[in-house]
Structures are given as structure tokens and as C-alpha cells.
Amino acid sequence: MNALQILQIIFAIATIATGLVSLVAPRAVRGFTGLDVSNARGITEIRAVLGGVFIGLGAAPLIFHILAGYAVAHVAYQTLGIAYLAILIARVIGMVLDKSWVRSNYISVATELVLGIVLLL
């Protein structure tokens, strides 16, 4: 296993961790994301979308890696990379439209760019 593959595994695990935090402690994401949810429906949405989707996106390449090897999992790692780049593009558009020039958005842009590129390689 080379350094790139190790990074990809770490990034997939980090994606799962992000999802797990959103699933089990949805109010904890408020400080970083700015999401302010005051009702049960909104909290469920954070659990489902930020939790479930991130867990699934992170788990898919790891599952394929275990079941079929890296060659098959590579496409799933690339899919995760595309997802991060799509989030990045949507975030930048949102930052411009919403004039949301805050530190956490800049950190997210940098993180999503690095993860997206490394996962695409």
C-alpha cells in the first residue's frame, strides 16, 4: 500500500467520522457549520443528510476496498473526491451569493479542495 492509498483511507475514515458526529450529536455541528436548528425535523435532517450521507460516502470505498481490493475501490474513492469537489463548488457559489465570508467557510473550502484532489488521484 502506498502513501496515496493510505491518505485516501484516512480521508474516507474522516468522512465517516464527520457523519457519525452529525448523526449522534447533531447540535454539535452548529459551532462549525452555522446550522441553527430549533425543531425536531431539522435535527433529523442533520442526522440523515450530514450523518447518513457522509457515513455512506466514506464507507463505500472502504467496503469495496475490503471486498474487492484497491483497483475496484479506486472508483469509489474517486466518487468521494467528486462529491467533495461538488460540495466545494456549491460552497463557493453560496459564499458569493450569500456574502458568507467567514473563517469556517475558508477552512471548509481548503479541506474540500485537498480531499477532493487526493481522492481523485
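**The largest pocket**

Begin at the largest pocket of this predicted model, whose lining comprises 13 nonpolar, nine polar and two charged residues. In total, 24 residues line the pocket, and the space within amounts to about 590 Å³. Helix 1, helix 2 (30-33), helix 3, helix 4 and helix 5 each give two or more residues to that lining. Select helix 5 before the others: with seven residues, helix 5 gives the most to the lining of the pocket.

To place the view at the middle of the pocket, select Phe32, Thr33, Arg91, Ser108 and Glu112, the lining residues that lie nearest its centre.

**Ser108**

Keep Ser108 from that selection and hide the rest. Ser108 belongs to helix 5. Is Ser108 buried or exposed? Its relative accessibility is 8%, and since buried means under 20%, Ser108 counts as buried. Display its surroundings next: apart from residues up to four places away in sequence, Ser108 touches Phe32 and Arg91. Phe32 and Arg91 are also among the residues nearest the centre of the largest pocket.

**Along helix 4**

Now select residues 70-98, which make up helix 4. From its first C-alpha to its last, this helix of 29 residues reaches 40 Å, close to the 42 Å expected at 1.5 Å a residue.

Colour the buried positions of helix 4: Tyr70, Ala73, Ala76, Tyr77, Leu80, Gly81, Ala83, Tyr84, Leu88, Gly94 and Met95. Several of these positions invite a look down the helix axis. An α-helix has 3.6 residues a turn, so residues three or four places apart point the same way. To see what covers the buried residues of helix 4, switch on helix 1 (3-24), helix 3 (40-68) and helix 5 (103-120), which are included in the cover.

Move to Gln78, also in helix 4. Gln78 has a relative accessible area of 23% and is therefore partly exposed. Leaving out residues up to four places away in sequence, Gln78 touches Leu119 and Leu120. A distance label between the C-alpha atoms of Gln78 and Gly58 should read 11 Å, for two residues 20 apart along the chain.

**An aromatic pair between helices 3 and 4**

The structure holds two aromatic pairs. One of them is formed by Phe54 and Tyr84. Select both rings: the centres are 6.3 Å apart, the planes meet at 85 degrees, and the arrangement is edge-to-face. Which parts of the chain does the pair link? Phe54 sits in helix 3 and Tyr84 in helix 4, 30 residues apart, so that distant parts of the chain are joined. Both partners are buried: Phe54 has a relative accessible area of 16%, and Tyr84 has one of 8%.

**Thr15**

With the pair still displayed, add Thr15, which is placed in helix 1. Thr15 is buried, with a relative accessible area of 0%. Which residues does Thr15 touch, not counting those up to four places away in sequence? They are Phe54, Gly58, Leu80 and Tyr84, so this selection includes both rings of the aromatic pair just visited. For a further distance label, take Thr15 and Gly52: they are 37 residues apart in sequence and 11 Å apart in space, C-alpha to C-alpha.

**The end of helix 1**

Continue to Val24, likewise in helix 1. Val24 counts as exposed, at 63% relative accessibility. The C-alpha atoms of Val24 and Leu88 are separated by 25 Å, and the two residues are 64 apart along the chain.

**The loop between helix 4 and helix 5**

Finish just after helix 4, at Lys99, in the loop between helix 4 and helix 5. Most residues other than glycine have a negative phi. Lys99 has a positive phi of about 50 degrees although it is not a glycine. At 64% relative accessibility, Lys99 counts as exposed.

Trp101 lies in the loop between helix 4 and helix 5 as well. At 47% relative accessibility, Trp101 counts as partly exposed. Setting aside neighbours within four places in sequence, Trp101 is in contact with Met95, Val96 and Tyr106. Of these, Met95 is one of the buried residues of helix 4. As a last label, join the C-alpha atoms of Trp101 and Val72, which are 29 residues apart along the chain and separated by 39 Å.

Definitions and conventions: Residues numbered from 1 in each chain as written. Predicted model: local features only at pLDDT ≥ 70, side-chain atom pairs only at ≥ 80, totals over all residues. Heavy atoms only, no water. Helix = DSSP H or I, 4+ residues; strand = E, 2+ residues; numbered from the N terminus. Expected span 1.5 Å × (residues − 1). Buried < 20%, exposed > 50% of the residue type's maximum accessible area, 1.4 Å probe, protein only. Contact = heavy atoms within 4.5 Å. 1 Å grid on protein atoms, 1.4 Å probe; cavity = no way out; pocket = protein on both sides within 12 Å on 5 of 7 lines; lining within 4 Å. Points joined across faces, edges and corners; volume = space filled by probe spheres on them. Nonpolar A, V, L, I, M, F, W, Y, C, P; charged D, E, K, R; others polar. Phe/Tyr/Trp six-rings, centres within 6.5 Å; stacked < 30°, edge-to-face > 60°.
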